[in-house]
Amino acid sequence: QVQLVESGGGLVQAGGSLRLSCAASGRTFGNYAMGWFRQAPGKEREFVAAINSRGGSIYYADSVKGRFTISRDNAKNTVDLQMSSLKSEDTAVYYCAADLVPGRHMNDYWGQGTQVTVSS
(Lines give C-alpha, C1' and ligand atoms only; values in the text may rest on other atoms or scores of the structure.)
Protein backbone atom coordinates (compact mmCIF):
# COMPACT_ATOMS: atom_id res chain seq x y z
CA GLN A 1 0.00 0.00 0.00
CA VAL A 2 1.27 3.45 -0.97
CA GLN A 3 -0.24 6.74 0.13
CA LEU A 4 0.65 9.88 -1.79
CA VAL A 5 0.39 13.52 -0.74
CA GLU A 6 1.16 16.35 -3.16
CA SER A 7 2.26 19.85 -2.23
CA GLY A 8 3.68 22.95 -3.85
CA GLY A 9 0.84 24.07 -6.07
CA GLY A 10 -0.20 27.68 -6.32
CA LEU A 11 -0.60 30.72 -8.50
CA VAL A 12 2.25 31.77 -10.76
CA GLN A 13 2.64 34.15 -13.67
CA ALA A 14 3.27 32.88 -17.16
CA GLY A 15 6.97 32.30 -17.70
CA GLY A 16 7.50 31.56 -14.04
CA SER A 17 8.50 28.40 -12.21
CA LEU A 18 6.96 26.15 -9.61
CA ARG A 19 8.10 22.97 -7.91
CA LEU A 20 5.66 20.26 -6.93
CA SER A 21 6.50 17.58 -4.44
CA CYS A 22 4.86 14.25 -3.67
CA ALA A 23 5.52 12.51 -0.38
CA ALA A 24 4.87 8.78 -0.28
CA SER A 25 4.27 6.58 2.72
CA GLY A 26 5.05 2.91 2.83
CA ARG A 27 8.26 0.96 2.88
CA THR A 28 7.83 -0.18 -0.73
CA PHE A 29 8.26 3.26 -2.34
CA GLY A 30 11.48 2.16 -3.98
CA ASN A 31 9.65 -0.63 -5.82
CA TYR A 32 7.31 1.73 -7.64
CA ALA A 33 7.58 3.91 -10.67
CA MET A 34 6.24 7.39 -9.99
CA GLY A 35 4.49 9.82 -12.23
CA TRP A 36 2.72 13.13 -12.54
CA PHE A 37 -0.57 13.67 -14.31
CA ARG A 38 -2.80 16.70 -14.65
CA GLN A 39 -6.41 17.50 -15.29
CA ALA A 40 -7.63 20.84 -16.55
CA PRO A 41 -11.28 21.92 -16.18
CA GLY A 42 -13.46 20.13 -18.68
CA LYS A 43 -10.65 17.89 -19.88
CA GLU A 44 -9.54 14.35 -19.22
CA ARG A 45 -6.61 13.58 -16.96
CA GLU A 46 -3.40 13.51 -18.99
CA PHE A 47 0.09 12.16 -18.52
CA VAL A 48 2.84 14.67 -17.70
CA ALA A 49 5.96 12.79 -16.63
CA ALA A 50 7.12 9.50 -15.14
CA ILE A 51 10.25 8.02 -13.64
CA ASN A 52 11.06 4.38 -13.02
CA SER A 53 11.75 2.92 -9.58
CA ARG A 54 15.49 3.61 -9.62
CA GLY A 55 15.32 6.89 -11.50
CA GLY A 56 17.19 5.63 -14.53
CA SER A 57 14.36 5.98 -17.03
CA ILE A 58 12.33 9.16 -17.43
CA TYR A 59 9.42 9.97 -19.72
CA TYR A 60 7.72 13.24 -20.58
CA ALA A 61 4.68 14.32 -22.48
CA ASP A 62 5.63 16.28 -25.58
CA SER A 63 3.84 19.34 -24.22
CA VAL A 64 6.23 19.65 -21.26
CA LYS A 65 9.53 18.40 -22.67
CA GLY A 66 12.32 20.86 -22.04
CA ARG A 67 10.27 22.75 -19.45
CA PHE A 68 9.48 20.20 -16.74
CA THR A 69 11.87 17.92 -14.86
CA ILE A 70 10.85 14.94 -12.76
CA SER A 71 13.13 13.56 -10.07
CA ARG A 72 12.89 11.24 -7.11
CA ASP A 73 14.67 10.65 -3.82
CA ASN A 74 14.15 7.08 -2.64
CA ALA A 75 15.80 7.82 0.70
CA LYS A 76 13.17 10.49 1.40
CA ASN A 77 10.25 8.77 -0.37
CA THR A 78 9.61 11.81 -2.51
CA VAL A 79 9.14 12.61 -6.16
CA ASP A 80 9.31 16.18 -7.45
CA LEU A 81 8.22 17.97 -10.57
CA GLN A 82 10.17 21.13 -11.38
CA MET A 83 8.13 23.25 -13.77
CA SER A 84 9.65 26.15 -15.66
CA SER A 85 8.54 28.50 -18.43
CA LEU A 86 4.99 27.91 -17.35
CA LYS A 87 2.16 28.66 -19.73
CA SER A 88 -1.51 29.32 -19.14
CA GLU A 89 -2.29 25.93 -20.65
CA ASP A 90 -0.36 24.29 -17.80
CA THR A 91 -3.15 25.33 -15.45
CA ALA A 92 -4.62 22.16 -13.95
CA VAL A 93 -4.87 19.99 -10.90
CA TYR A 94 -1.66 17.98 -10.74
CA TYR A 95 -1.73 14.44 -9.41
CA CYS A 96 1.04 12.18 -8.24
CA ALA A 97 0.74 8.53 -9.21
CA ALA A 98 2.49 5.27 -8.39
CA ASP A 99 2.55 2.06 -10.36
CA LEU A 100 4.92 -0.79 -11.07
CA VAL A 101 5.43 0.38 -14.66
CA PRO A 102 6.12 4.03 -15.59
CA GLY A 103 4.16 5.74 -18.30
CA ARG A 104 0.80 7.14 -19.30
CA HIS A 105 -1.10 4.06 -18.06
CA MET A 106 -0.07 4.36 -14.42
CA ASN A 107 -3.05 3.74 -12.22
CA ASP A 108 -2.30 1.86 -8.98
CA TYR A 109 -2.18 4.73 -6.50
CA TRP A 110 -3.11 8.42 -6.68
CA GLY A 111 -2.68 11.47 -4.53
CA GLN A 112 -5.43 13.97 -3.87
CA GLY A 113 -4.04 16.56 -6.28
CA THR A 114 -2.65 20.07 -6.02
CA GLN A 115 -3.87 23.06 -8.01
CA VAL A 116 -1.53 24.92 -10.31
CA THR A 117 -2.80 28.14 -11.83
CA VAL A 118 -0.75 30.05 -14.39
CA SER A 119 -1.90 33.60 -15.03
CA SER A 120 -1.20 35.20 -18.39
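In the predicted model, Cys-22 and Cys-96 are joined by a disulfide in which the two sulfur atoms lie 2.2 Å apart. A disulfide is a covalent bond between the sulfur atoms of two cysteines. The structure contains one disulfide. This link connects distant parts of the chain, for Cys-22 belongs to strand E3 (residues 18-25) and Cys-96 to strand E9, with their positions 74 residues apart in the numbering. The rotation about the S-S bond is -85°, and the link of Cys-22 and Cys-96 is accordingly described as left-handed. Both cysteines, Cys-22 and Cys-96, are buried.

The strands that carry these cysteines belong to a protein with 11 strands and zero helices. Read along the sequence, the pattern is β-β-β-β-β-β-β-β-β-β-β. The C-alpha trace spans about 40 × 25 × 25 Å along its principal axes. A compact globule of 120 residues would have a radius of gyration near 14 Å, and the value of 13 Å found for the protein agrees with this expectation. Of the 120 residues, 44% are buried. The accessible surface of the protein amounts to about 6200 Å², of which carbon and sulfur atoms supply 45%. When contacts between residues at least 6 apart in sequence are considered, 56% of them join residues at least 24 apart.

Charged side chains provide further links within the chain. Side chains of opposite charge can pair when their charged atoms come close. Five salt bridges are counted in the model. One of them joins the side chains of Arg-38 and Glu-46, with a nitrogen-to-oxygen distance of 2.6 Å. The two partners differ in their surroundings: Arg-38 has a relative accessibility of 5% and therefore counts as buried, whereas Glu-46, with a relative accessible area of 35%, is partly exposed.

Arg-38 also forms a salt bridge with Asp-90, and the closest N and O atoms of this pair are 2.9 Å apart. The pair links distant parts of the chain, since Arg-38 is located in strand E4 (residues 33-39) and Asp-90 in the loop between strand E8 (78-83) and strand E9 (92-99), 52 residues apart. Both Arg-38 and Asp-90 are buried.

Asp-90 in turn forms a salt bridge with Arg-67, for which the closest N and O atoms are 2.7 Å apart. Asp-90 lies in the loop between E8 and E9, while Arg-67 lies in the loop between strand E6 (58-60) and strand E7 (68-73); the pair therefore ties together parts that are 23 residues apart in sequence. Arg-67 is buried, as is Asp-90. Through shared partners, the salt bridges join Arg-38, Glu-46, Arg-67 and Asp-90 into one network.

Strand E7 shows an alternation of its side chains between two faces. Phe-68, Ile-70 and Arg-72 point to one face and are buried, whereas Thr-69, Ser-71 and Asp-73 point to the other face and are not buried. E7 and E8 run antiparallel and are joined by six bridges. Within this pairing, Arg-72 has Val-79 of E8 as its bridge partner.

The hairpin of E7 and E8 has four residues between the strands. Asn-77 is found in this loop between E7 and E8. The phi angle of Asn-77 is near 55°, a positive value in a residue other than glycine. A positive phi is also present at Ser-85, where the angle is about 50° although the residue is not a glycine. Ser-85 is found in the loop between E8 and E9, the loop in which Asp-90 also lies. With a relative accessibility of 42%, Ser-85 counts as partly exposed because this value falls between the 20% limit for buried residues and the 50% limit for exposed residues. In that loop, Ser-85 is thus partly exposed, whereas Asp-90 is buried.

Terms used. Residues numbered from 1 in each chain as written. Predicted model: local features only at pLDDT ≥ 70, side-chain atom pairs only at ≥ 80, totals over all residues. Heavy atoms only, no water. Salt bridge = Lys/Arg side-chain N within 4 Å of Asp/Glu carboxyl O. Buried < 20%, exposed > 50% of the residue type's maximum accessible area, 1.4 Å probe, protein only. Pairing = 2+ DSSP bridges. Rg over C-alpha atoms; globule rule 2.2 N^0.38 Å. Contact = heavy atoms within 4.5 Å. Areas by Shrake-Rupley, 256 points an atom, 1.4 Å probe, with all protein chains shown as cover. Disulfide = S-S within 2.5 Å.
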